[in-house]
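Thanks, everyone, for making time this morning. I would like to walk you through one protein chain, and I will ask you to keep the picture in view while I talk.

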Amino acid sequence: MSFFISFFLVSFLFSSPCLSTRTTPIFSSKPINPTNYHKIQGTWHEFEKFAGANKGNQINGISELKKYFHRFGYLKRMDNLNFTDLFDDHLEHALIKYQEKLGLSVTGKLDDNTVSQIISPRCGVSDSTPKLFMHAKRNYVFFTGKPRWSRSIPITLTYAFSPENVINSLSMSETKDAFQRAFNHWASVIPVTFLESNDYGFADIKIGFYKGEHGDGEPFDGVLGVLAHAFSPETGRFHLDAAETWSVDFEREESDVAIDLESVATHEIGHLLGLAHTSVQEAVMFPSLKPREMKVNLKMDDIKGIQALYGSNPNFSYQALSESDTSTNNGVNLRKRPLTWSDFILVLVLWLSM
Ligand code: ZN
Ligand code: ZN
């Protein structure tokens, strides 16, 4: 018995986590219920009522779900006709493609897990990509034509924030710090450096927060739903939905619909560099992100994909990655601290006292 307690203590001492790149607390004082947002009247909330619907039935409003699948690349519009409210073969086929892409059980049905994934907030970039650029064993995906920033390596890209399209809920320095951390995640694995510029007009990457229709045919939709979108290389446009409750610290921002800015920024930068959506749920390039969820550490799938486009940063090592990649602790790099004599004495005292 005492052996097991000591073993537990030693294991604990060897694995004490400490925060690395992020200075804000990871754990919210408020209990996080990842399903809380289902009760919130956000975008796509209405789709919940379709859970359990069967093929062949006429279902009021299911044409909106067809539009959703059309928007994200799973359903073609036949002869420019409007979508009907019939749960038809086309919708079943779209569901199968969606379930395959998002790593769900492939049922072709509107089961609870599928509906839950459909209503999750997500990136506005379509999941549609040519088969040619999908990798059967790897899961990272490129855009059509495999575009990347074409200048010679090592590359420096500048980024700037729109002076007009800003949010007031975060200070500019908080916003900039979150983006700097997000750019650093990618810069640490590929030979690309990101420099902030004050010259918005000439920056390679242009970042802004927008509401609703904002001139690129991809209007934002209010709270939850689409969170942000970015364009493939070498466009450099990066738009975030100003209606979201953007957060850099869940301890301070207690809203059930708070969205972690660094997580979304890291994902969208992947698009700006040339990655499309992956099927690996843990990866940064997976299309959805739940409220109050943090996903900032690049996973092996993200890194293999981006290094296939740009090569490796000479300072990058897989050893450093293995710790964060295998960590299930969102946003935290586990680093083991060296044991001290006081640790051994503590174990010894506990052992003798049993
Ligand atoms: Zn995306
Ligand atoms: Zn836009």
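Helix H5 passes helix H6 in a right-handed crossing, and I should say at once that what we are looking at is a predicted model. H5 covers residues 172-187, and where H5 and H6 pack, the angle is about 50° while the axes lie 8 Å apart. Angles from 35 to 65 degrees fall into none of the parallel, antiparallel or perpendicular classes, and therefore H5 counts as oblique to H6. If you want to find this contact on the screen, look on the H5 side for Thr 175, Ala 178, Phe 179, Arg 181, Ala 182, Phe 183, His 185 and Trp 186, which meet Leu 261, Glu 262, Ala 265, Thr 266, Ile 269, Gly 270 and Leu 273 of H6. Sorted by class, the residues of this contact come out as nine nonpolar, four polar and two charged.

Let me stay with H6, residues 261-273, for a moment, since this helix also lies across strands S1, S2, S3, S4 and S5, and runs at about 150° to S5, which is the strand of residues 237-241. That brings us to the sheet, which is open, has five strands in the order S2-S1-S3-S5-S4, and shows mixed pairing. Its edge strands are S2, residues 192-196, and S4, residues 228-230, each of which pairs on one side only. On average, and ignoring direction, neighbouring strands of this sheet are turned by 20° against each other.

Within that sheet, where does strand S1 sit with respect to the rest of the structure: is it enclosed or not? Five of the seven residues of S1 are buried, so this strand is largely enclosed by the rest of the structure. S1 pairs with S2 in the parallel sense over five bridges, and S1, residues 155-161, is also joined by three bridges to S3, residues 205-210, with those two strands running parallel. A useful residue to point at here is Tyr 159, which stands opposite Glu 196 in S2 and has Ile 205 as its bridge partner in S3.

Now I would like to move to another pair of helices. Helix H2, residues 62-71, and helix H3, residues 89-101, pack at an angle of about 45°, with their axes 11 Å apart, which means that H2 is oblique to H3. This crossing of H2 and H3 is left-handed, and the contact is made by Ile 62, Lys 66, Tyr 68 and Phe 69 from H2, together with Leu 91, Ala 94, Leu 95 and Tyr 98 from H3. By class, the contact of H2 with H3 has seven nonpolar residues, no polar ones and one charged residue.

One more residue of H2 deserves a comment, namely Ser 63, which has its place in that helix. Is Ser 63 buried or exposed? Its relative accessible area is 12%, and because buried means under 20%, Ser 63 is buried. Leaving aside residues up to four places away in sequence, Ser 63 touches Phe 83, Thr 84 and Asp 85.

Finally, let me step back to the whole chain, whose secondary structure comes to nine helices and seven strands. Of its 354 residues, 49% are buried. Among the contacts in the chain with a separation of 6 or more, 68% are between residues 24 or more positions apart.

Key:
Residues numbered from 1 in each chain as written. Chains lettered and ligands numbered in written order. Predicted model: local features only at pLDDT ≥ 70, side-chain atom pairs only at ≥ 80, totals over all residues. Heavy atoms only, no water. Pairing = 2+ DSSP bridges. Helix = DSSP H or I, 4+ residues; strand = E, 2+ residues; numbered from the N terminus. Axes fitted to C-alpha atoms, helices over the stretch in contact; angles between N-to-C directions. Contact = heavy atoms within 4.5 Å. Parallel < 35°, antiparallel > 145°, perpendicular 65-115°, else oblique. Left-handed = near helix turned anticlockwise from the far one by under 90°. Nonpolar A, V, L, I, M, F, W, Y, C, P; charged D, E, K, R; others polar. Buried < 20%, exposed > 50% of the residue type's maximum accessible area, 1.4 Å probe, protein only.
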